[in-house]
Amino acid sequence: MSSPLFGTICLVGIGLINSSIARAARLHGLAARIVTLDASEQACETALRLGIVDAAGSDPAALLAEADLIMVGTPVGAMAAVGQAIGPHLKAGAIVSDVGSVKMAVVRDLLPHLPDTVHFVPGHPIAGTEHSGPEAGFAELFQGRWCILTPLPGTDPGAIDKVTQLWTAMGSMIEIMEPLHHDKVLAITSHLPHLIAYTIVGTASDLEGDMQQEVIKFSASGFRDFTRIAASDPIMWRDIFLNNKEAVLEIIQRFTEDLTALQRAIRWGEAETLETHFRETRAIRRAIIDAKQA
Ligand SMILES: NC(=O)C1=CN([C@@H]2O[C@H](COP(=O)(O)OP(=O)(O)OC[C@H]3O[C@@H](n4cnc5c(N)ncnc54)[C@H](O)[C@@H]3O)[C@@H](O)[C@H]2O)C=CC1
Ligand SMILES: O=C(O)C(=O)Cc1ccc(O)cc1
């Protein structure tokens with residue numbers, strides 16, 4: 001039998017994403033040992049009870065001593081605190097990676113705390129759900145999904161290759177990007193849609209009593225889809241918006257202008273403007289589906 005890709009993987013934060021990594025890494029035999037460092041005693045107990053890690057706790061010295069790969073899976077607002085906690089205990093030659101939904105802020109907050117003797121390969125799996133915590137994870141989460149890596153220039157190619165092997169073994173496809181470009185792309189494809197969902201569900205819940213009841217009773221699939229997204233973790237999303245501020249504000253500006261143009265077309269009965277717009281957006285949906293099937 002060939003030896004696993006990593007000796008010890010330490011998962012910092014054992015929520016939806018890292019608990020899915022724990023399950024997938026076990027399933028595919030990618031690590032000899034999997035441990036977790038989590039600030040929450042309850043999360044550690046749950047991970048041990050589920051049998052997805054070999055050891056769990058909040059003592060960085062004990063949990064990092066043997067770690068060859070450290071995967072940080074905490075909300076992005078905790079990256080500086082995580083860096084301070086783990087920095088002094090990292091083994092020389094270890095690879096530090098993460099799964100945070102924004103990349104510029106992670107590089108800004110985590111990298112300064114890492115010693116020169118470790119390799120840093122930031123990443124972001126474009127896969128998730130509205131659920132959180134160690135019980136929400138599942139081994140198939142990353143199957144057929146993209147994982148974006150944003151290594152800085154000069155990063156050891158061997159370290160990038162090992163992180164690539166981990167994700168491909170869990171079923172993902174890899175794309176390499178610059179962190180700033182990643183944050184701009186995700187602002188439109190993920191962060192703005194979540195903001196719209198949070199807004200529309202908020203608007204509906206602010207309606208007067210009768211109307212609110214009817215929104216729940218007759219919620220057609222459009223609104224239901226928004227409620228799923230708007231049920232996503234409040235801390236995680238607070239941190240994403242605060243840490244991708246510029247790209248999100250830029251895209252909100254453009255979105256607001258486009259919304260105003262549609263508002264105007266409705267007001268003035270511009271049937272052709274509306275129809276042309278909807279035809280174009282339908283073509284985008286078809287292109288996405290065709291790209292998936294290709
Ligand atoms: N949930 C999703 O769909 C996706 C999330 N992400 C990103 O992955 C990261 C993790 O997200 P989830 O797995 O959903 O989180 P989660 O909310 O399920 O779990 C986070 C865990 O981190 C722990 N934690 C928080 N601060 C800590 C600290 N200072 N030290 C140690 N542990 C700490 C918490 O106790 C918790 O167990 C976030 O950065 C998020 O942006 C990326 C892709 C998808
Ligand atoms: O549940 C959904 O639809 C998601 O969009 C999950 C998700 C959330 C955050 C990410 O950074 C990536 C994926």
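# Ligand shells and sheets, question by question

Q: What makes a residue count as one of those around ligand 2, and which residues are they?
A: In this predicted model, the residues around ligand 2 are Ser-101, Ile-126, Ala-127, Gly-128, Thr-129, Glu-130, Ser-190 and Ile-229. The cut-off is a C-beta atom, placed from the backbone, within 6 Å of the molecule, so these residues count as near ligand 2.

Q: How many residues of each class does the shell around ligand 2 have?
A: There are 3 nonpolar, 4 polar and 1 charged residues. Glu counts as charged, so Glu-130 is the charged one here. Gly counts as polar, so Gly-128 goes with the polar residues.

Q: Which residues come nearest to ligand 1?
A: Out of 30 residues around ligand 1, the nearest are Gly-13, Gly-15, Ser-101, Gly-128 and Ser-132. Two or more shell residues come from each of helix 1 (16-27), helix 4 (79-86) and helix 10 (234-243). Helix 1 gives the most, with 3 residues. By class, this shell splits into 16 nonpolar, 12 polar and 2 charged residues.

Q: Why is ligand 1 said to lie between domain 1 and domain 2?
A: Both domain 1 (6-177) and domain 2 (181-293) give residues to the shell around ligand 1, so ligand 1 lies between them.

Q: What makes strand 1 and strand 2 a pair?
A: At least two bridges are needed, and strand 1 (residues 6-12) has 6 with strand 2 (residues 31-37), so they pair, in the parallel sense. Among the residues involved, Val-12 stands opposite Leu-37 in strand 2.

Q: What is the order of the open sheet of 6 strands, and what is its pairing?
A: The order is 3-2-1-4-5-6, and the pairing is parallel. Strand 3 (55-57) and strand 6 (119-121) each pair on one side only, which puts them at the edges. From one strand to the next, the twist averages 20 degrees.

Q: What makes the pairing of the sheet 7-8-9 mixed?
A: This is an open sheet of 3 strands. Strand 7 (residues 123-125) and strand 8 (residues 146-149) pair in the antiparallel sense over 3 bridges, while strand 8 and strand 9 (residues 173-176) run parallel, joined by 4 bridges. One antiparallel pair plus one parallel pair gives the mixed label.

Q: Which are the edge strands of that sheet?
A: Strand 7 and strand 9, since each pairs on one side only. Neighbouring strands here are turned by 20 degrees against each other on average, direction ignored.

Q: Which residues stand opposite each other there?
A: Pro-125 stands opposite Cys-147 in strand 8, and Leu-149 has Ile-176 in strand 9 as its bridge partner.

Q: What makes the β-α-β unit of strand 8, helix 6 and strand 9 right-handed?
A: Point the strands away from you and follow the path from strand 8 over helix 6 (residues 157-169) to strand 9: it runs clockwise, so the unit is right-handed.

Q: How do you know what confidence the predictor has in the chain?
A: pLDDT runs from 0 to 100, and the mean for the protein chain is 96. What's more, 100% of its residues reach 70 or more. The model scores are ipTM 0.99 and pTM 0.96.

Definitions and conventions
Residues are numbered from 1 along each chain as its sequence is written. Chains are lettered from A and ligands numbered from 1 in the order in which they are written. This is a predicted model: local features need pLDDT of at least 70, side-chain atom pairs count only at pLDDT 80 or more; totals for chains, interfaces and linings use all residues. Domain bounds come from an automatic or database domain assignment. Axes are lines fitted to C-alpha atoms, for helices over the stretch in contact, and angles run from 0 to 180 degrees between N-to-C directions.
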